[in-house]
Amino acid sequence: MQIPLDEEQATFASVVREVLVRTDPPGERTFDPGTWAQLVAGGFLDAVSADEPGGTVFLGLLAEEVGRAANPVPVTASVVLAGHALSAAGADEDQVAALRGGHRLAALLLDVGQAWETPVFGLATGGDQLVVSGSCAAVLGAGIAEVWIVPARHLDGGTCLVRVDPAASGAHVARSHLDLTGTVATVTLEGCPATPLHTARDVATALDAAFQRAALADAGERVGAAQRCRDLTVAHLTTRRQFGRPIGTFQALQHRCAELVVDIHAARSAVRWACRAADGGDPLSHLLVAGAQAVATRALQRAAEECMQMHGGMGFTWEHDAHGQLRRATSGRWRFGTAEVNLARIAGGLQVPAPPIDTSASAR
């Protein structure tokens with residue numbers, strides 16, 4: 001059974017759904033500044049802050065609607081990942097507020113599919129200023145960001161966050177061929193001027209906090225995308241006719257759709273449970289986030305594959321939404337760890353030492 005929403009949460013999800021709805025063809029769904037402006041003006045981004053009561057629950061709801069609408073607004077990339085990293089690192093409050101409120105778009109140059117403990121960027125002294133160099137693949141939001149936040153190895157060996165202008169000399173962007181939205185890109189920096197953003201020498205804890213929160217938002221997007229796949233499939237099965245009747249009346253297809261519903265409900269419950277745990281300060285919330293990621297990743301992959309298969313030949317065309325959803329599911333499986341990686345995290349976090357074996361004569 002799904003975790004229910006209260007009236008305020010249900011209203012929030014309903015209104016956000018109306019704001020995010022898209023009518024343009026799936027292949028043309030790039031970032032829309034107008035939609036983003038509505039989210040900012042409506043206060044929806046402020047509501048998902050970790051500092052607000054129930055903010056993580058609202059973040060999960062917002063992320064789910066982003067995935068359902070297939071609308072590439074950079075909530076996870078800019079508001080959560082970049083904004084939360086700066087906040088946790090103790091950066092300037094005005095800069096943090098600008099990102100978390102959506103007034104400025106940023107991307108954290110971090111490979112969220114790999115271990116981030118070893119930054120791929122390094123700092124050096126270039127004349128009278130710091131410069132940063134390195135390359136990172138598949139950065140979320142890099143293609144539309146107004147500023148890049150770069151975790152880099154400091155001169156003394158620690159990790160720090162620096163700001164880089166995307167228009168700076170030596171900055172190169174190569175957008176991903178798998179991502180149809182134009183937001184994901186590989187970023188290469190060659191001696192770009194860098195401005196420190198905080199006073200702390202090491203920001204490993206800040207990056208971990210941002211990683212966990214962004215992983216939860218990404219899981220919510222996967223649930224919404226899986227729901228979209230299921231809705232597309234059902235709509236097709238009720239209108240496509242073979243042998244004189246809708247193909248949705250065939251029992252084999254009905255069973256496959258029912259299995260999708262079970263998967264999506266399980267994933268949605270896992271995300272909502274993890275959101276509530278994070279809001280409540282549960283010390284095991286990081287394991288619940290890993291569980292939500294694993295379940296949501298598998299639910300989306302299966303829903304996207306079934307959506308394409310049950311649409312028949314039209315589902316394999318690039319112009320159809322089913323194809324786009326499968327590309328999103330397949331190309332994004334590595335984000336925040338694959339399902340297998342997250343299950344391994346849970347297993348490692350729940351390990352309990354085995355009780356000592358009594359080898360005394362009385363035990364024998």
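In this predicted model, helix α7 (residues 204–239) packs against helix α10 (residues 321–331) at an angle of about 155°, the two axes lying 11 Å apart. Because angles over 145 degrees count as roughly antiparallel, α7 is roughly antiparallel to α10. The crossing of α7 past α10 is left-handed. On the α7 side, the residues that meet α10 are Asp218, Glu221, Arg222, Ala225, Arg228, Cys229 and Leu232, and their counterparts in α10 are Asp321, Gln325 and Arg328. Sorted by class, this contact of α7 with α10 holds three nonpolar residues, one polar residue and six charged residues.

Helix α10 also deserves attention for its surroundings. Nine of its 11 residues are buried, so α10 is largely enclosed by the rest of the structure. The buried residues of α10 are Asp321, Ala322, His323, Gly324, Gln325, Leu326, Arg327, Ala329 and Ser331. The cover over these buried residues of α10 includes α7 and α9. Asp321 and Gln325 thus appear in two lists: they are buried, and they take part in the contact with α7.

Helix α9 leads to a second helix pair. Helix α8 (residues 251–279) and helix α9 (residues 285–310) pack with their axes 8 Å apart and at an angle of about 155°. The two helices, α8 and α9, are therefore roughly antiparallel to each other. As with the pair described above, the crossing is left-handed, here with α8 passing α9. The contact of α8 with α9 contains 19 nonpolar, two polar and five charged residues.

Within α9 lies glycine 291. Glycine 291 has a relative accessible area of 16%, and it is buried because the limit for that class is under 20%. The C-alpha atom of glycine 291 is separated by 6.6 Å from that of asparagine 342, although these two residues are 51 residues apart along the chain.

After α10, the chain enters a loop that runs between α10 and α11 (339–349), and phenylalanine 336 lies in this loop. Phenylalanine 336 counts as buried, with a relative accessibility of 0%. Its backbone is notable as well: the phi of phenylalanine 336 is near 60°, a positive value in a residue other than glycine. Most residues other than glycine have a negative phi. A second case is alanine 138, which is not a glycine and yet has a positive phi of about 50°. Alanine 138 is placed in strand β3 (residues 129–139).

The cysteines can be considered next. A disulfide is a covalent bond between the sulfur atoms of two cysteines. The criterion applied here is a pair of cysteine sulfur atoms within 2.5 Å, and by this rule the count of disulfides comes to zero. Why does cysteine 136 form no such bond? The closest cysteine sulfur to that of cysteine 136 belongs to cysteine 192 and is 14 Å away, which is too far for a bond. Cysteine 136 counts as buried, at 3% relative accessibility. Cysteine 257 is likewise in no disulfide, and the nearest cysteine sulfur, in cysteine 307, is 9.6 Å away. Cysteine 257 has a relative accessible area of 11% and is buried.

Two further residues show how individual positions are set within the fold. Threonine 188 is found in strand β7 (residues 185–196). With a relative accessible area of 24%, threonine 188 is partly exposed. Residues up to four places away in sequence aside, threonine 188 touches Gly134, Ser135, Gly170, Ala171 and His172. Aspartate 51 is 137 residues from threonine 188 along the chain, and the C-alpha atoms of the two are separated by 34 Å.

Valine 75, in contrast, is buried, at 1% relative accessibility. Valine 75 is in helix α5 (residues 75–88). When neighbours within four places in sequence are left aside, valine 75 is in contact with Trp36, Leu45, Leu59, Leu62, Val66 and Val80. The C-alpha atoms of valine 75 and alanine 97 are separated by 14 Å, and the two residues are 22 residues apart along the chain.

How values were computed: Residues are numbered from 1 along each chain as its sequence is written. This is a predicted model: local features need pLDDT of at least 70, side-chain atom pairs count only at pLDDT 80 or more; totals for chains, interfaces and linings use all residues. Side-chain values use heavy atoms; hydrogens and water are left out. Buried means under 20% relative accessible area, exposed over 50%, partly exposed in between (1.4 Å probe, protein chains only). Axes are lines fitted to C-alpha atoms, for helices over the stretch in contact, and angles run from 0 to 180 degrees between N-to-C directions. Helices (H or I, at least four residues) and strands (E, at least two) are DSSP runs, numbered from the N terminus. Angles under 35 degrees count as roughly parallel, over 145 as roughly antiparallel, 65 to 115 as roughly perpendicular and the rest as oblique. A crossing is left-handed if the near helix is turned anticlockwise from the far one by less than a right angle, and right-handed if clockwise. Contact means heavy atoms within 4.5 Å. Ala, Val, Leu, Ile, Met, Phe, Trp, Tyr, Cys and Pro count as nonpolar, Asp, Glu, Lys and Arg as charged, and the others, Gly among them, as polar.
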